[in-house]
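Here is a short report on one protein chain. It moves from the whole chain to its helices, then to single residues.

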Amino acid sequence: MSEHQHLMVTFKSKPGHEADLKNVLLELVKASRAESDCIRYDLSQSAADSELFFLVECWASEKSLREHQQTPHFYEGIKKIEALAAHTDVHFIHWLEPGQ
């Protein structure tokens, strides 16, 4: 059985494009959450910097993450994000618990 895949993605919008980037990311959230192997797909925006967004993802397996990355909504979203974001950082993460 494959281990869940957890990602933390940060997006910094180009100046003046916060609302457009937010809308694109929310479209991606809606479509991605509809995928059967999506466990978590949560978007937040910094309270201190409106240009900064955080996306936390969890997928059932590495295979399901790869399949997500092949969907039309992912490809379309990436194209739009590239036009609106000054930079994007993707990190594979492991959640930590006390005693680990």
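## Surface and overall shape

The protein chain exposes about 6400 Å² in this predicted model. Carbon and sulfur atoms supply 55% of that area. Of the 100 residues, 35% count as buried.

The C-alpha atoms fill a box of roughly 45 × 35 × 20 Å along the principal axes. The chain holds 3 helices and 4 strands. Its radius of gyration is 14 Å, close to the 13 Å that the globule rule gives for 100 residues, so the chain is as compact as a globular protein of that length.

## Order of elements

Along the sequence, the pattern reads β-α-β-β-α-α-β. Contacts often span long stretches of this order: among those between residues at least 6 apart in sequence, 69% join residues at least 24 apart.

## Helix H1

H1 covers residues 18–33. At 1.5 Å a residue, its 16 residues should span 22 Å, and the end C-alpha atoms are 22 Å apart, which agrees.

The buried residues of H1 are Leu21, Val24, Leu25, Leu28, Val29 and Ser32. Seen down the helix axis, they fall within an arc of 145°, so they line one face of H1. This set packs against four strands, S1, S2 (38–45), S3 (52–59) and S4, and against helices H2 and H3.

## Helix H3

H3 runs over residues 72–84 and has 13 residues. From first C-alpha to last it reaches 19 Å, close to the 18 Å expected at 1.5 Å a residue.

Phe74, Gly77, Ile81 and Leu84 are buried in H3. They cover an arc of only 95° around the axis, which puts them on the same side of the helix. Pro72, Lys79 and Glu82 are exposed on the other side. Cover for the buried residues of H3 includes strands S1 (5–13) and S4 (85–92), along with helices H1 and H2 (62–68).

## Lysine 12 in strand S1

Lysine 12 sits in S1. Its side chain and that of aspartate 49 are joined by a polar contact of 2.3 Å. The two residues are 37 apart along the chain, and their C-alpha atoms are separated by 9.2 Å.

Aspartate 49 is one of several partners. Leaving aside neighbours within four places in sequence, lysine 12 also contacts Leu21, Glu51, Leu52, Ala85, Ala86 and His87. Of these, Leu21 is among the buried residues of H1.

## Glutamine 45 in strand S2

Glutamine 45 belongs to S2. With 35% relative accessibility, glutamine 45 counts as partly exposed. A polar atom of its side chain lies 2.7 Å from the backbone oxygen of serine 50.

Not counting residues up to four places away in sequence, glutamine 45 touches Lys22, Ser50, Leu52 and Phe53. Lysine 22 is 23 residues away in sequence and 8.4 Å away in space, C-alpha to C-alpha.

## Alanine 60 and serine 64

Alanine 60 lies in the loop between S3 and H2. Its relative accessibility is 24%, so alanine 60 counts as partly exposed. Glutamate 27 is 33 residues from alanine 60 in sequence and 21 Å from it in space, C-alpha to C-alpha.

Serine 64 is placed in H2. Its relative accessible area is 3%, so serine 64 is buried. A polar atom of the serine 64 side chain lies 2.8 Å from the backbone oxygen of serine 61. Beyond neighbours within four places in sequence, serine 64 is in contact with Asp37 and Trp59.

## Histidine 91 in strand S4

Histidine 91 is found in S4. At 42% relative accessibility, histidine 91 counts as partly exposed.

Which residues does histidine 91 contact, leaving aside its neighbours within four places in sequence? They are His6, Leu7 and Met8. Alanine 31 is 60 residues from histidine 91 in sequence and 21 Å from it in space, C-alpha to C-alpha.

Terms used:
Residues are numbered from 1 along each chain as its sequence is written. This is a predicted model: local features need pLDDT of at least 70, side-chain atom pairs count only at pLDDT 80 or more; totals for chains, interfaces and linings use all residues. Side-chain values use heavy atoms; hydrogens and water are left out. Helices (H or I, at least four residues) and strands (E, at least two) are DSSP runs, numbered from the N terminus. The expected span of a helix is 1.5 Å times one less than its number of residues. Buried means under 20% relative accessible area, exposed over 50%, partly exposed in between (1.4 Å probe, protein chains only). The arc is that of the directions from the helix axis to the C-beta atoms. Contact means heavy atoms within 4.5 Å. The radius of gyration is taken over C-alpha atoms; the globule rule is 2.2 Å times the number of residues to the power 0.38. Accessible areas come from the Shrake-Rupley method with a 1.4 Å probe; for residues, only the protein chains shown count as cover. A polar contact is a pair of N or O atoms within 3.5 Å; within protein, one must be able to donate a hydrogen and the other to accept it, and residues adjacent in sequence count only if both atoms are side-chain atoms.
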